[in-house]
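Please open the model in your viewer and keep the sequence panel beside it. The stops below say what to select next and what is there.

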Amino acid sequence: MQKLPFKPIDYALILIFILIIIASILLLPKSKGESKMLVAGSPKGEYIYSMSQNGLYSIEGVLGISIIQIEDGQAWFVDSPCPNKTCVQSGRISNNGDWAACLPNDVFIRIEESSSAQMDATAF
């Protein structure tokens, strides 16, 4: 078996690659006091709820009231007036960027990170 010699440029590329990996890990954003918020949008407005506070919330849509539950850092549709209940079957959301929607009722929920954990229920 023939040994393939490494050239100085090979060592330099390996070193640069390792440094990039280390820098990426060290520079990852860290959450400092940030909390997750549930943003619920409907034709009646936009509502913001803390994901750290358990509760049952009514959101009015075009067909009626959609019920959203927040428990243990997860949110989901409990009930909605839509005919097929796909939103209720969509499951729980808990991570930043996750979303669920009841399209017939025009109610949309999503998770966002916020630096102010003081909001309970704010309407815009």
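A residue is called buried under 20% relative accessible area, exposed over 50%, and partly exposed in between, using a 1.4 Å probe and protein chains only. This is a predicted model, in which local features need pLDDT of at least 70 and side-chain atom pairs count only at pLDDT 80 or more, while totals for chains, interfaces and linings use all residues. Residues are numbered from 1 along each chain as its sequence is written, and side-chain values use heavy atoms, with hydrogens and water left out.

**Whole protein**

Begin with everything selected. The protein has two helices and eight strands; these are DSSP runs, helices being H or I over at least four residues and strands E over at least two, numbered from the N terminus. Along the sequence the pattern reads α-β-β-β-β-β-α-β-β-β. Of the 124 residues, 28% are buried. The protein exposes about 8,500 Å², and carbon and sulfur atoms supply 60% of that area; accessible areas come from the Shrake-Rupley method with a 1.4 Å probe, and for residues only the protein chains shown count as cover. Among contacts between residues at least 6 apart in sequence, 41% join residues at least 24 apart, a contact being heavy atoms within 4.5 Å.

**Helix α1 and its surroundings**

Select residues 8-26, which are helix α1, and find F17 in it. Is F17 buried or exposed? At 54% relative accessibility, F17 is exposed. Now add F6, Y11, I14, I18, I21, I22, I25, L26 and L27: together with F17 they form a nonpolar patch on the surface, with about 1,100 Å² of accessible area. Patches are made of residues with over 30% relative accessible area and no salt bridge; like charges are joined within 9 Å, and nonpolar side chains (Val, Leu, Ile, Met, Phe, Trp, Tyr) within 5 Å.

**The three-stranded sheet**

Next select β3, β4 and β5, which form an open sheet in that order with antiparallel pairing; two strands pair if DSSP finds at least two bridges between them. β3 (55-60) and β5 (74-79) each have a single partner strand and stand at the edges, so one side of each has no neighbour in the sheet. From one strand to the next the twist averages 30 degrees, where axes are lines fitted to C-alpha atoms, for helices over the stretch in contact, and angles run from 0 to 180 degrees between N-to-C directions. Zoom in on β4 (residues 65-71): β4 and β5 pair over five bridges. Which residue of β5 does I68 stand opposite? That residue is F77.

**Salt bridges**

The structure holds four salt bridges, each a side-chain nitrogen of Lys or Arg within 4 Å of a carboxyl oxygen of Asp or Glu.

- Select E60 and K44, whose closest N and O atoms are 3.9 Å apart. This pair links distant parts of the chain, with E60 in strand β3 and K44 in the loop between β1 (35-42) and β2 (45-50), 16 residues apart. E60 is partly exposed at 38%, and K44 is exposed at 51%.
- Select D79 and K85, which meet at 3.4 Å, N to O. D79 is partly exposed at 38%, as is K85 at 28%.
- Select R110 and E112, with closest N and O atoms 2.6 Å apart. R110 is partly exposed at 24%, and E112 is partly exposed at 31%. Add E46 to show the network of salt bridges that links E46, R110 and E112.
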